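This report is for a reader who is new to the structure shown below. Please look at the sequence and the model before reading on.

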Amino acid sequence: MPETFATTGTIVAIATAVVPQQGSVGIVRVSGSEALQIADSIFQAPGKQVVESHRIIYGYIRHPQTQKLVDEALLLVMKAPRSYTREDVVEFHCHGGIMAVQQVLKLCLEGGARLAQAGEFTLRAFLNGRIDLSQAESISDLVGAKSPQAAQTALAGLQGKLADSIRQLRAKCLDIVAEIEARIDFEEDLPPLDDKAIVSEIENIISKITRLIATADKGELLRSGLKVAIVGRPNVGKSSLLNAWSRSDRAIVTDLPGTTRDVVESQLVVGGIPVQVLDTAGIRETEDQVEKIGVERSRNAAQAADLVLFTIDATTGWTKEDEEIYQQVKHRPLILVINKIDLVEDSQRKLIKSEIQNLKSKILTAAAKNQGIEALETAILEQVEVGNIEASDMDLAINQRQEAALIKAKTSLEQVQITIEQELPFDFWTIDLRGAINALGEITGEEVTESVLDRIFSKFCIGK
């Protein structure tokens, strides 16, 4: 194992977020051969309570030498192998905040445990066979989920939906290799190999791998979300649009141009996708130094965003200033938002549409009256080409590492097809088939390097 993961000994970490004066409960988790001994040395249960596995008992945490009271707490014991790590695990459920959990952590360290590395509890669960590598990654996704659909997809991965699919594909590849190698070793004793059946099976495997690869972009959207920048000249209603969309007064709204001086953020969920909305300062030439900085940040936000909502004022139509801004953002994925549409007549609406007829995605809104928001969300989903993100097939959504391994497996299988077409010897068939088997094994962890484990588990929090 890499040096960052010395997976021996007993480990301890604070397993809950520690927020001063806000957390009601703080949990200190210990895992390893000395976990029960540490619990016995610092926890005292009044009365005749019996410490049993998977039973919570009430008591006091005291310093083992001085008997000084540290906290009033609950103790949960989970004996191996019925625990998260498949080792002996104890949890001290303390009062929340900083001091209590830190003092309990210190006692555990003095009792012989060492501070856990990032993700080490989950790493031990993987190494001890409780979960596979794809399930470990799903745990990380679940902890970091930014929307209900992202959490649901992570749960599906944790329950083994992706792992089951990968194991089935890998098993089929292993069966093909076994059948081919049997012909190599016992050719005289077996009937001829059915080449057509092998080709058909490989095509079927490639087809299933292709469908899995197709979920990568959607999976990335669910995990990372979409960054959307509202861009336009001053006073077109950008801040009103943000407030109407977020159903809050996130941004200050006035009739004075240049009110928004900096980028204002809001976190939303659209069709299951987490969306970070950026309300930017109105883009214009100005001598005001503070506003000038805001304008520059607006330009940077537009360039960094996944999608730009280019907003114009329906009462003025497409202006020279709008054209200048459009030239700066037209190469970005873009939706034109024609705001304040409630203040113009139907004939004027038609005129505005004719001026911008070359822009495919156009939405009419009256942000001040909360009109057009639903149409805007629909346009955003269409723009990112996700359609109904809550469809059942989104239970599977691979990450970038898994996508790279699947592409490697698919490439190897496509090479097998070429090898068969060229009528090369069986030995050549098995080389690329084993390449596919190894690539699929990288996803679940049957084939994995120390550097991959290091990269995956170092992204976890300390107590997970």
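The text below covers the sheet, the aromatic pairs and the charges over rings in this predicted model.

**The sheet**

An open sheet is built from seven strands, and its pairing is mixed. The order across the sheet is S3-S4-S5-S6-S2-S1-S7. Strand S3 (43–44) and strand S7 (114–115) are at the edges; each has a single partner strand, so one side of each has no neighbour in the sheet. The partner of S7 is strand S1 (residues 11–14), and the two run in the parallel sense with two bridges between them. Within this pairing, Val 12 has Leu 115 of S7 as its bridge partner.

**Aromatic pairs**

Seven aromatic pairs are present in the structure. A pair of aromatic rings is described by the distance of the centres and the angle of the planes. For Phe 310 and Trp 318 the ring planes stand at 90 degrees and the centres are 5.7 Å apart, so this pair is edge-to-face. Trp 318 also forms an edge-to-face pair with Tyr 326, with 5.6 Å from centre to centre and 70 degrees between the planes. As for burial, Phe 310 and Trp 318 are both buried, and Tyr 326 is buried too. Elsewhere, one aromatic cluster is made up of Phe 126, Phe 457 and Phe 460.

**Charges over rings**

The table lists two residues that lie over the face of an aromatic ring.

| Charged residue | Ring | Distance from the ring centre |
|---|---|---|
| Arg 29 | Phe 121 | 5.6 Å |
| Lys 464 | Tyr 84 | 5.1 Å |

Technical notes:
Residues are numbered from 1 along each chain as its sequence is written. This is a predicted model: local features need pLDDT of at least 70, side-chain atom pairs count only at pLDDT 80 or more; totals for chains, interfaces and linings use all residues. Side-chain values use heavy atoms; hydrogens and water are left out. Two strands pair if DSSP finds at least two bridges between them. Helices (H or I, at least four residues) and strands (E, at least two) are DSSP runs, numbered from the N terminus. Rings of Phe, Tyr and Trp (its six-membered ring) pair if their centres lie within 6.5 Å; planes under 30 degrees apart count as stacked, over 60 as edge-to-face and the rest as tilted. Buried means under 20% relative accessible area, exposed over 50%, partly exposed in between (1.4 Å probe, protein chains only). A charge sits over a ring if NZ of Lys or CZ of Arg is within 6 Å of the ring centre and within 35 degrees of the ring normal.
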